[in-house]
Each structure stands twice: as structure tokens, then as C-alpha cells.
Amino acid sequence: RGFLAEGSRTNLLTRSQEFENAAWTKFATAITPNSAEAPDGTMTAALFTPDGTAAPHYVRQFVTAVAEIRSAQLFVKVPSGSTVDRVSIYPGGTGSLARFYLDTMSTSSSEANVTSASIAALANGWYLLRATWNTASSWDRVSIYASSGVSGDASTAGDGTSILIWCAQLEAASFPSSYIPTTTASVTRAADLLSIGSVTGLDYPITAYARIRRAIDTGGIETWLSLNDGTENERARIITNASDLAEVTMTDGGVDVAAVSVAGAMGVNTVYNIAGRFAANDVQACRTGTLGTADTSAAVPTAPSVVRFGGGVSGALPCFGYIERIALF
């Protein structure tokens, strides 16, 4: 898929794939580590087995309290013969239960603090569950519940069947990023910064091309390519704008002088070819064969000396997606 560019993130959980560890509290549940093949091909998936008591069945980890926004994700698989068909993720607080129905590939985010919830089918029967919350109070935990054929999450008796779980993540962010493994402490992944500096002989007019794939909708500007002088004041960019449209922009003297977008929202996990023409009084954008409306009254920036991939200067406005190809003409 190419180069994955993401901004800096922290997995707040410890022992992120060691659910048998004492970092995880178990209630009416047994954890058997290294029970099956995980999505990455290693034998590291854990078996989560609710017992027969009429009680909520969960594993839970407490973290340092963080305010308001957080996102969580978990990989799950239902083994053959299991009746477990529902997993819920709960960060604490009323109105914060995100429910995932594995038998129907559906979610419930009707509770007030759940801003989004999604379930994606992966290879070999695995699913990726993701949810985001926004509350007015701080939170200090994440709980993972499993249940079978019931409408509630508490006081349900298990029937001895299990579910496989792997790689839990909790982030203080408005959307989840790719998985960050942890052991004894939380781990921060540095922003992915890739660039070619000290470029000489490159000047406008320039046509730029990018073949990209969004990994997630960040809700804001996603930068795929930035041509600049080492600052944000003189630049030409290929981006996805906050309305999910492919767009090319130019900035001269710190002032945005051109912004040409292409109609049609860009989806997630779809490959797009985007091109931009950056010339004096002639700025145009194209996304997979569809043109924008050219800007015929724009001054060009200072000649670029840096070509940056996946974000702006110092990693600003990262794309959180894959860059397969870049070409400049």
C-alpha cells in the first residue's frame, strides 16, 4: 500500500496484547494467552472465556485519568462453535457503551457519549472494532465485555464458549490510529516525517501527482504532498480538505492564493489518483479523471527547496493514510 504517514500518537494501555497479565482485571472471565494465530501471523491471540455465572464478563484496565475525547480499538474473532456474538467497549461513565454485533456486522452508538463506532471484517475471520467518545468529564479505564445472544451487557450467564481478542489500544484523540504495541508502559509513536530536503532546480510551473489511500477520516485537512521553502508561508500542496474533497492549494507570503477542489467525497480504504497543476494564473486539480474548476488569477510561491510527504512542515496536518506513488513534472 505504500508509505503509511501518521501523526504522533500514544497507546495509553500497558500490556496491550497480554490480557492474561495482572495489568488487566478479569471479572467472571478466564484468559488463555497465545491460543490462536493473530492477524499478523503470530500465535499471540488470547482466548476470552466468560464463565457460567450470571454476571458481566469483562477484562478491564485502569489508566491515568484523561479528559473528554478518547478512541479505542480491538481485534476480535469468533472461533468455530462459539456463541459469543457481541463485544462492548466501555471507557467508564454513563452513556458511554459502544456495542459491536459480530453476527450482523453492525454497531450501536446510540449512547450519548459515543461519537462513532465501526466494525471492519479482516482476513481469516478477524474483525477490527473501533470507537470514539466525547464526554464532559475525565475517564480512567477501558473495559471489554463479551456476551451471547442477549440484549444487555450485564448479569448474563456464559455458556462456556469463547472469543479471541488481540491488541487493545486507547488514545486521547478524536479518531484511532494504527496499532502501537506496549509492554510495561504506554508507548508514544513519533510522527511519520518523510521529506527530500535541499532540493535545487525545481521551480514553477509544476505538475504534481499522488496515488494515495486514506486509512481513516480525520475530520480535518489531510496533507499528501507539500512543496515548500521550509516554511508554511511558501508552499503548494495536494490535500484532502475538511469536506473530504481532493484539493490543491498554493500559499504565497503566508496568504492562501489558490484552492481548487474536485467534487465528490473521497472514501476510506479506496485508492485515488490526484494531480495538481501549479502555475501563475493557472491552478487546476484532477481526481481520478474528474477536473476541478481552474483558478486563473494566482501568483506562485517561492521556488520549493523541500518536498514533504504525508504532512506539512514539522509534520503539520498529517494525512493518516498510505502514499503509494508521487511524481513531479
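Here are some notes on this predicted model, starting with its aromatic residues.

1. Tyrosine 145 is buried, because its relative accessible area is 10% and the cut-off for burial is under 20%. Its ring forms a tilted aromatic pair with that of tyrosine 58, at 5.1 Å centre to centre and 55° between the planes. Tyrosine 58 is buried as well, with a relative accessible area of 11%.

2. The pair of tyrosine 58 and tyrosine 145 links distant parts of the chain. Tyrosine 58 sits in strand β7 (residues 58-77) and tyrosine 145 in strand β12 (residues 126-147), with their positions 87 residues apart. Both tyrosines belong to one aromatic cluster, made up of Phe27, Tyr58, Tyr90 and Tyr145. The structure holds seven aromatic pairs.

3. Tryptophan 166 is worth a look too. At 6% relative accessibility, tryptophan 166 counts as buried. The ring centres of tryptophan 166 and tyrosine 179 are 6.2 Å apart and the planes are at 40°, so this pair is tilted. Tryptophan 166 lies in strand β14 (residues 163-171), while tyrosine 179 lies in the loop between β14 and β15 (187-189), 13 residues apart.

4. Please check the surroundings of glutamate 247, found in strand β20 (residues 246-252). Which side chain of opposite charge is nearest to glutamate 247? That is arginine 237, 5.7 Å away, and glutamate 247 is buried yet has no salt bridge. The salt-bridge cut-off is within 4 Å, nitrogen to carboxyl oxygen. Arginine 237 is nonetheless among the residues that glutamate 247 touches, as are Ile238, Ile239, Asn241, Ala259, Val260 and Ser261, not counting residues up to four places away in sequence.

5. Strand β20 also has a place in a wider arrangement: six strands form an open antiparallel sheet in the order β16-β25-β18-β19-β20-β21. The edge strands, β16 (194-196) and β21 (255-261), each pair on one side only. From one strand to the next, the twist averages 15°. Within the sheet, β18 (residues 222-228) and β19 (residues 235-240) run antiparallel and are joined by six bridges. Glutamate 222 has threonine 240 of β19 as its bridge partner.

6. Finally, a loop residue. Asparagine 113 is found between β10 (106-108) and β11 (114-121). Is asparagine 113 buried or exposed? Asparagine 113 is buried, with a relative accessible area of 18%. Leaving aside residues up to four places away in sequence, asparagine 113 touches Thr94, Gly95, Ser96, Thr132, Trp133, Asn134 and Thr135. The C-alpha atoms of asparagine 113 and threonine 135 are separated by 5.6 Å, although the two residues are 22 residues apart along the chain.

Key: Residues numbered from 1 in each chain as written. Predicted model: local features only at pLDDT ≥ 70, side-chain atom pairs only at ≥ 80, totals over all residues. Heavy atoms only, no water. Helix = DSSP H or I, 4+ residues; strand = E, 2+ residues; numbered from the N terminus. Buried < 20%, exposed > 50% of the residue type's maximum accessible area, 1.4 Å probe, protein only. Contact = heavy atoms within 4.5 Å. Pairing = 2+ DSSP bridges. Axes fitted to C-alpha atoms, helices over the stretch in contact; angles between N-to-C directions. Lys, Arg positive; Asp, Glu negative; His and termini not counted. Phe/Tyr/Trp six-rings, centres within 6.5 Å; stacked < 30°, edge-to-face > 60°.
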